[in-house]
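Biologist: I'd like a close look at one part of this model, the strands of the second chain and whatever packs around them. Could you walk me through it in one go?

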Amino acid sequence: MNTPLTYPDVTSLAVPVFIAAILLELGWILFKKRGGRYETRDALTSLMMGAGNVATGLLLGFVTYGFLMWLWQLTPLDLGSSLAAVVLCFVLDDLRYYWVHRLGHRVRWVWASHINHHSSQHYNLTTALRQTWTGTFTLMMLLRAPLILLGFHPALVLFCGGLNLIYQFWIHTETIQRLPRWFEAVMNTPSHHRVHHGRNPRYLDANYAGVFIVWDKLFGTFVPEMDSDKPDYGLVHNIATFNPLRVAFHEWVSLFKDALQPGLTWRERLLYCLAPPGYSHDGSRDTSDAIKQKYLARHPDQKGTTGFR
Amino acid sequence: MPLEILLPLVVLGIAGLGLALHLLGFSTPLRLTCEAHVRAAWLREHPEDAPQTILLTQDGRAALLRLASGHLGLLRALGADTVAQYLGRATWQITANGIKLTLPDFATQPLNIRLTEAERQDWLALKDHL
């Protein structure tokens, strides 16, 4: 079980490609006068969040890797490192990503980490790099356990996770409208992911896919982009800062403030941590479901339309 | 990738892109132009609580709102965009150039709103008028 298996750190290797692609997108927007918006401080915040994500990965990566290696000692299975194993691992890891991402939007403890990725009101390639610094604390590494126990080596699983993140980089753009129909049907695309970043009521909690959009279609969370309802990017209630430290930690601070306020039952404290974002013990806030219902109350003609089923 | 390559690449990449964006004019802050602009930006985040009174600053950076719910709201420019926040639990402090607002929100740094003397009087009057 102690197979010495190593793969390149593809995320770090992709950094020059990320920079080149951002310059290309910027040039396109300047030249064509369309295809997205840039703002200096917003982009800098996103880039610093990306750098911080790499740094926290270097500092805390041993936690996840240690956990996965511990599981690797337990499993009697070893699927090896053949091309078929790599492909199968990539597909199953993408399924793992779908559920991590879905929990990231439906469980506040995980949302506290993921929220920063949605905190920009812009949608360009720098937004892709606005990544969490606190992912380790969500314990979502647990969802990698089945892959390891099935016999995929931890190095392979992390390699596939890196490839998954690299795939998702290029879909954070408005320069690409729609791709060929077969591609849009199977793969996550800029159009599908714009929906995911939309704060429009119809687009909330949709399109969690990493690489294959088929997971959303399979599990009922797919919403196509509508030309009549252009995605409005950002959070339901946007944050008022470009400070990376505040971006990284603000929802954790809010979560603990909520859960530790005096006069709550233990159930309410737990719900502040684990219920969907927007939960409040006194009903003073709105979850995404409540936001959709209120939107439909104001726009009854939209009942039954895309995103409101 | 070795750290001795990755680190300079990241630092120079961020600095270079930041400089390029600034020189290309992407640092120009949003200016709130009129009450309609403020109203639309507020309703974008709080569609069920329409502004009844709007006090827009001369520099177009912020507006104090009295809302249909009776609460106070602040709409302000943040980079090229806006943020819309309730001021229910904000602390108000008079400064030489206007008013300093401190919100009990980790994501919001204390805000120095630049106001003329007349604007400050109007803002304080709207704050105290329930």
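How many bridges join S6(B) to strand S7 of chain B, and in which sense do the two run?

Modeller: Keep in mind that this is a predicted model. S6(B) and strand S7 (residues 111-114) of chain B are joined by 4 bridges and run antiparallel. One pair to look for there is B:Gly98, which sits opposite B:Arg114 in S7(B). S6(B) also has strand S5 (residues 91-95) of chain B as a partner: S5(B) and S6(B), the latter covering residues 98-102, pair in the antiparallel sense over 5 bridges. These two make a hairpin with 2 residues between them. Within that pairing, B:Trp92 faces B:Leu101 in S6(B).

Now for the sheet earlier in the chain. Here 4 strands of chain B make an open sheet, ordered S1-S2-S3-S4, with antiparallel pairing. Strand S1 (51-56) and strand S4 (81-86) of chain B are the edge strands, so to speak the two borders, each pairing on one side only. On average, neighbouring strands of this sheet are turned by 20 degrees against each other, direction ignored.

Zoom in on the S3 and S4 end. Strand S3 (residues 72-78) of chain B pairs with S4(B) in the antiparallel sense over 6 bridges. Two of the matches you can pick out are B:Leu75, whose bridge partner in S4(B) is B:Ala84, and B:Ala77, which stands opposite B:Thr82 in S4(B). The hairpin of S3(B) and S4(B) has 2 residues between the strands, and B:Gly79 takes a positive phi near 65 degrees there.

Next, the helices on this sheet. Helix H2 (residues 35-45) of chain B packs on it and touches S1, strand S2 (62-67), S3 and S4 of chain B. The direction of H2(B) makes about 125 degrees with that of S1(B). Helix H3 (residues 117-128) of chain B lies across S1, S2 and S3 of chain B, and runs at about 155 degrees to S1(B).

A good residue to click on is B:Ala63. Leaving aside residues up to four places away in sequence, B:Ala63 touches B:Leu32, B:Val38, B:Ile54, B:Leu55, B:Leu56, B:Thr57 and B:Leu75. B:Ala63, B:Val38 and B:Leu75 turn up again in the largest nonpolar core, which has 47 residues: along with A:Leu47, B:Ile14 and B:Leu65, they touch the most other members. Helix H3 (residues 40-74) of chain A gives this core its largest share, 7 residues. The core also draws at least three residues from each of domain 1 (1-29) and domain 2 (35-128) of chain B. The centres of those two domains, taken over C-alpha atoms, are 33 Å apart. There's a second, separate core too, with 15 residues, among them A:Tyr97, A:Tyr98, A:Ile115 and A:Val211.

That brings us to where the chains meet: 34 residues of chain A are in contact with 26 residues of chain B. On the chain A side, the elements giving two or more residues are helix H1 (10-13), helix H2 (15-32), H3, helix H12 (244-259) and helix H14 (288-298) of chain A. H3(A) provides the largest share of that side, 8 residues. By type, the chain A residues touching chain B divide into 17 nonpolar, 9 polar and 8 charged.

Terms used
Residues are numbered from 1 along each chain as its sequence is written. Chains are lettered from A and ligands numbered from 1 in the order in which they are written. This is a predicted model: local features need pLDDT of at least 70, side-chain atom pairs count only at pLDDT 80 or more; totals for chains, interfaces and linings use all residues. Two strands pair if DSSP finds at least two bridges between them. Axes are lines fitted to C-alpha atoms, for helices over the stretch in contact, and angles run from 0 to 180 degrees between N-to-C directions. Two residues are in contact if their C-beta atoms, placed from the backbone, lie within 7 Å. Domain bounds come from an automatic or database domain assignment. A nonpolar core is a set of buried Ala, Val, Leu, Ile, Met, Phe, Trp, Tyr and Cys residues joined through C-beta atoms within 7 Å. A residue is buried if 20 or more other C-beta atoms lie within 10 Å of its own, exposed if 12 or fewer, and partly exposed in between; C-beta atoms are placed from the backbone. Ala, Val, Leu, Ile, Met, Phe, Trp, Tyr, Cys and Pro count as nonpolar, Asp, Glu, Lys and Arg as charged, and the others, Gly among them, as polar.
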